[in-house]
Amino acid sequence: MFRREFALMPRLVLDVATGDRDRAGVIGDHIAGITSFLHTHHVLEDDNVWPLLLDRCGESVASLMELMEAQHHQLAELIPQVDAAVSAWRDSPTAASRQALADVLDRLAPVLKEHLDTEEGLVVPLMEQRITAAEWTGFLKGESGSVDPDYAPLLLGMMMYEGDPESVEQVIATTSADTSPAIKELAASAFAAHSQRVHGTATPPRSTEL
Ligand SMILES: [Fe+2]
């Protein structure tokens with residue numbers, strides 16, 4: 001979801017007409033919501049995952065964990081710049097503020113892509129070996145606990161759109177007392193309505209198509 005949504009953001013911003021406050025508000029909310037979740041996700045990884053892997057795997061993973069922290073740090077410096085550019089643009093949706101936001105999003109995208117590629121390629125396999133299901137469940141609970149409940153169905157829908165079904169079931173089982181099919185329907189319709197409003201289609205391009 002991060003790959004897809006961040007890749008689509010610069011074009012979304014550039015397509016908003018100068019002076020169109022309503023549309024800048026819609027796109028600004030979209031960007032702020034996802035950026036805030038990215039930050040939440042990273043803080044939880046920093047606090048929970050890297051220390052555990054370092055403890056279990058020792059020195060052999062020290063440089064990889066340092067790389068994860070450094071990449072998160074780079075992103076943590078860019079995220080407030082995105083926030084500031086979003087609010088400047090919303091306050092005054094000029095061509096200059098629009099371009100400034102698109103530029104910072106363009107700077108963030110390759111950093112995020114490199115981080116996700118490294119994390120999925122090198123760190124997730126270690127997590128699968130060294131972190132137990134119970135620990136992982138605790139991690140997911142911590143993450144969902146810091147998400148606004150009103151935003152949770154949309155977030156789940158964003159994950160479900162491309163997430164593998166097994167992981168989606170795990171997220172639902174961990175984060176919600178309600179594991180009935182209705183929760184997935186709610187999430188899918190929240191995502192479809194949001195994507196229609198933001199992307200102009202209920203089925204935006206998938207990350208593999210971008
Ligand atoms: Fe990460």
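**Entry 1: His 41**

I began with His 41, which counts as buried at 16% relative accessibility, because the limit for buried is under 20%. I note here that the model is a predicted one. I located His 41 in helix H2. I then listed what His 41 contacts once neighbours within four places in sequence are left aside, and found Phe 2, Glu 119 and Glu 143.

**Entry 2: the iron ion**

Glu 119 led me to the metal, since I wished to know which residues coordinate the iron ion. I recorded four: Glu 45 and Glu 119 through OE, and His 72 and His 115 through NE2. The distances run from 2.1 to 2.3 Å. I looked up the geometry next and found angles of 82 to 164° among the four donor atoms, so that the site is irregular. For four donors, a tetrahedral site would need all angles between 85 and 135 degrees.

I wrote down the spacing of the donor residues in sequence as E-x26-H-x42-H-x3-E. Within this pattern, Glu 45 and His 72 link distant parts of the chain. Glu 45 belongs to helix H2 (residues 21–57) and His 72 to helix H3 (residues 62–91), and the two are 27 residues apart. I checked both for exposure and found Glu 45 and His 72 buried.

**Entry 3: His 115**

I placed His 115 in helix H4, residues 95–130. Is His 115 buried or exposed? I found a relative accessible area of 0%, so His 115 is buried. Its side chain makes a polar contact of 2.7 Å with the side chain of Gln 71. Beyond residues within four places in sequence, I found His 115 in contact with His 42, Glu 45, Met 68, Gln 71, His 72 and Leu 75. Two of these names, Glu 45 and His 72, I had already entered as iron donors.

**Entry 4: Pro 51**

I returned to helix H2 for Pro 51. Pro 51 is partly exposed, because its relative accessible area of 40% lies between the limits of 20% and 50%. Setting aside residues up to four places away in sequence, I found that Pro 51 touches Glu 45 and Asp 46. I also looked up Pro 51 and Met 65, which are 14 residues apart along the chain, and found their C-alpha atoms separated by 8.4 Å.

**Entry 5: the largest pocket and H7**

I looked up the largest pocket and noted a volume of about 1,500 Å³. Its lining comprises 43 residues, and those nearest the centre are Trp 136, Leu 140, Met 159, Ser 167 and Val 171. Helices that each supply at least two lining residues include H5 (133–145), H6 (152–162), H7 (165–175) and H8 (181–199).

Val 171 brought me to H7, where I found Val 168, Val 171, Ile 172 and Thr 174 buried. I asked what covers the buried residues of H7. The cover includes H5, H6 and H8.

**Entry 6: His 199**

I closed with His 199, in helix H8. His 199 counts as buried at 18% relative accessibility, because buried means under 20%. His 199 and Leu 12 are 187 residues apart in sequence, yet I found 7.3 Å between their C-alpha atoms. Leu 12 is also among the contacts of His 199 outside four places in sequence, together with Glu 5, Leu 8, His 30, His 194 and Pro 204. With Glu 5, I recorded a side-chain polar contact of 2.9 Å.

Note on methods. Residues numbered from 1 in each chain as written. Predicted model: local features only at pLDDT ≥ 70, side-chain atom pairs only at ≥ 80, totals over all residues. Heavy atoms only, no water. Donors = N, O, S within 2.8 Å, 3.2 Å for Na, K, Ca; no water. Tetrahedral: all angles 85-135°; square planar, octahedral: opposite > 155°, others 65-115°. Helix = DSSP H or I, 4+ residues; strand = E, 2+ residues; numbered from the N terminus. Buried < 20%, exposed > 50% of the residue type's maximum accessible area, 1.4 Å probe, protein only. Polar contact = N/O pair within 3.5 Å; in protein donor to acceptor, adjacent residues only side chain to side chain. Contact = heavy atoms within 4.5 Å. 1 Å grid on protein atoms, 1.4 Å probe; cavity = no way out; pocket = protein on both sides within 12 Å on 5 of 7 lines; lining within 4 Å. Points joined across faces, edges and corners; volume = space filled by probe spheres on them.
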